[in-house]
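Please open the structure in your viewer and keep the sequence panel beside it. This tour proposes one selection after another and says what to look for at each stop.

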Amino acid sequence: MRGIARKGFGLAALVAAASVLAACGGTSTTPSTSALFGVYGKIPAAASGPQHTGNITVSEPPSSTPTAIIPLQPTANYSVFTLTLFDYEMWRPLYWTVVGTAPQYNPTYSLADYPVVSNGGKTFTITMKSYKWSDGQPVTSKDVAFWYYLLKAAVKESPANWGGYTPNVGLPDQVASVTTPNASTIVFTMKSAVNPSWLALDQLGSVQPMPSHAWARASAGGPLLDFTVAANATKIYNYLISQNKTEATWASNPLWKTVDGPYVLQSFNSTNAAYTMVPNTHYSGPHATKMSDYSGVPFTSDNAEYNGVKASNVQIGYVPTADLPQIGSIKALGYNVYGYPDFGWLYMDYNFKDTTGDFNNIIKQLYIRQALAHLQDQAGVIHAFFGGAAAPAFGPVPTLPKSPYAPPNALINPYPYSVPDAIALLKAHGWNVVPGGTTTCAHAGTAAGECGAGIPAGTKLAWNLIYTTTPANIAQQVTAYASEAKKAGIELTLKSSNFNYIIANYDDPAAPKNDNAWAMEDFGGFTDSTYPTTLGVFNCTGSVNEGGYCDPTADSLIHASVFGTNPNAVKSEAEYLTTQAPALFQPNVSTALESGNVLVWKTTLSGPPTAFSSITQYWINPELMYFTK
């Protein structure tokens, strides 16, 4: 996992959510497939003719502005808004891992070739491409090693100093040695074999080479230090992180002017996080004939941003899905429109540790989770609440974007919407189903036709569901789902909350004292890494295993995804978790700078279609864009 929580999607409410959903739904058992949903609008081909420069202004969603500049992001700042939409414009990652909407290694924009694996899956040899820093110096293997040694120093001080850190897993703890045989080659040797796809895409892909010739100092103007010495690396890191904390000087500090990406920060408003970047004249990667400036325009609410789009105040922005009925008027203002889901998932999580009403024993029964999945009308949700701008998702790998790691059962719903099927499952396992009332356990026990271990006779299918009120579409979905559940006699008591409170108080690892405070929750979801293992989320000891799901088979498959030698092991992991339904996976909604929005950009702004489609994955290439007039 990239480890970045998705806050949710959309903002404006739709009236009578449950009745609207019912009108769009039904009891069909026809499987949903990705061919039916997900893509909204289209991207025109790159315009021919003269290319003009200007200032490419991009909307910054509310509460989503950059909060750090150092290319070694602390956990508190490790979000797509700080990393891929801001920091990567100045310091490129070793591997660019998106091709348009596809989550995969992109050789065109990567700083290095894909690693060559040897020594039984322990040695990874990387060859650097020919890139330069903005001061004209070459980007070398030494700059990759510099980042690595500073990473070691950072996490030794505190695990929170890098958002991608998991103790004893991956970088830097599993690394036995790092060598630089020459300026273009760096070799990572691991202590034991690891999964090659996982290490390459999820770990090495996060490395951001840093200019050792300019930054290996413990103070401004201080001497260059040998960063391979641990004490020196600590001094250098502490100096850099101290400079990172002073947002008011980000644009003026000479330190941050040495970049290998297409842009250099020219101005940054520490009050509202508005910023402007100008082209790096030494940028070595692909770019438009002449690069334009790139600016982030902050907004305090989605409504304010939508008004900014209507006023043509931004070249690239978004339209909340609730406002899609007005999309024709936006097109009339001279905007292109495109929607596509982010690579990740949204879900209602189950709390496997909640003993209230024996919920822990209820939810551990696979047939219960299967019945709950049958009660979700994904097609109805997509039509009613997202105007078609969403795709079905049945497990941790969604139907869209298309991934080479998607197992077959990720593409066809294993538990299609059917209230009768849900009722049949409950009856077959000893429940007295009362549609519209309260279903109870009539036959306690563990034999065939009985409710299951730890479920006494008379136990009710009734529990709470906590949900965030921002965005409003989450409330609409849980309200509609509660209505469907009631048809099978399952009573869900809805309780509203907010994203930050849910994360802080209803996370089993972080707040075990509240294990009995919730049975289900909906805070949003997660963005997958390119190699989509759920390490950290669905393994027993995962640091963000919100509901305490624990399954030895799942743990074994997740372990194989990270430490096994099969580069496709994660497909088996995803296949198993899709079948086991450890959570109630929801439709994967269209994204554009933030979940639940459709991308819009001025028709006078053009470039390769992938430069625009990748924005739906929280990556952006303004260096490829140009104005047509």
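Buried means under 20% relative accessible area, exposed means over 50%, and partly exposed lies in between, with a 1.4 Å probe and protein chains only. A salt bridge is a side-chain nitrogen of Lys or Arg within 4 Å of a carboxyl oxygen of Asp or Glu, where Lys and Arg count as positive and Asp and Glu as negative, while His and the chain ends are not counted. This is a predicted model, in which local features need pLDDT of at least 70 and side-chain atom pairs count only at pLDDT 80 or more, whereas totals for chains, interfaces and linings use all residues. Residues are numbered from 1 along each chain as its sequence is written, and side-chain values use heavy atoms, with hydrogens and water left out.

**First stop: a charged residue inside**

Select E546, which is found in the loop between β19 and α14; helices (H or I, at least four residues) and strands (E, at least two) are DSSP runs, numbered from the N terminus. Which side chain of opposite charge is nearest to E546? It is K353, 12 Å away, and E546 has no salt bridge although it is buried. Now show the surroundings of E546: leaving aside neighbours within four places in sequence, E546 is in contact (heavy atoms within 4.5 Å) with residues including Y347, D349, Y506, W518 and F523.

**Second stop: disulfides**

Stay in the loop between β19 and α14 and select C540 and C550, which both lie there, so that their pair ties together parts ten residues apart in sequence. They form a disulfide (a pair of cysteine sulfur atoms within 2.5 Å), with the sulfur atoms 2.0 Å apart. The torsion about the S-S bond of C540 and C550 is about 90°, so this disulfide is right-handed. C540 counts as partly exposed at 25% relative accessibility, and C550 counts as partly exposed at 49%.

Next select C441 and C451, whose sulfur atoms are 2.1 Å apart in a disulfide. With a torsion of about 110° about the S-S bond, the disulfide of C441 and C451 is right-handed. C441 is in strand β16 (residues 440–441), and C451 is in the loop between β16 and β17 (462–468). Both C441 and C451 are buried. The count comes to two disulfides, and they follow the pattern 1-2, 3-4 when bonded cysteines are counted along the chain.

**Third stop: aromatic rings**

Rings of Phe, Tyr and Trp (its six-membered ring) pair if their centres lie within 6.5 Å; planes under 30 degrees apart count as stacked, over 60 as edge-to-face and the rest as tilted. By this rule the count comes to 40 aromatic pairs. Begin with Y95 and Y105, whose ring centres are 5.5 Å apart and whose planes stand at 85°, so the pair is edge-to-face. Y95 and Y105 each lie in the loop between β3 (55–60) and β4 (116–118), so the pair ties together parts that are ten residues apart in sequence. Y95 is buried, with a relative accessible area of 0%, and Y105 is buried with 18%.

Then select W345 and F538, an aromatic pair that is stacked, at 5.7 Å centre to centre and 15° between the planes. W345 is in strand β13 (residues 344–350) and F538 is in the loop between β19 (520–527) and α14 (552–563), so far along the chain that 193 residues separate them. Both W345 and F538 are buried. Widen the selection to the cluster linked by ring pairs, whose members include W345, Y347, F523, F538 and Y549.

**Fourth stop: salt bridges**

Side chains of opposite charge can pair when their charged atoms come close. How many salt bridges does the structure hold? The structure holds four. Select E89 and R92, which form a salt bridge with the closest N and O atoms 3.5 Å apart, and which are both buried. Add E623 to the selection, for E89, R92 and E623 are linked in a network of salt bridges.

Move on to K487 and E484, whose side chains meet in a salt bridge at 3.3 Å, N to O. K487 is partly exposed, with a relative accessible area of 33%, whereas E484 counts as buried at 3%.

**Last stop: a helix**

Finally, select helix α10 (residues 378–386), where seven of the nine residues are buried, so the helix is largely enclosed by the rest of the structure. α10 is followed by G387, whose phi is positive, near 55°.
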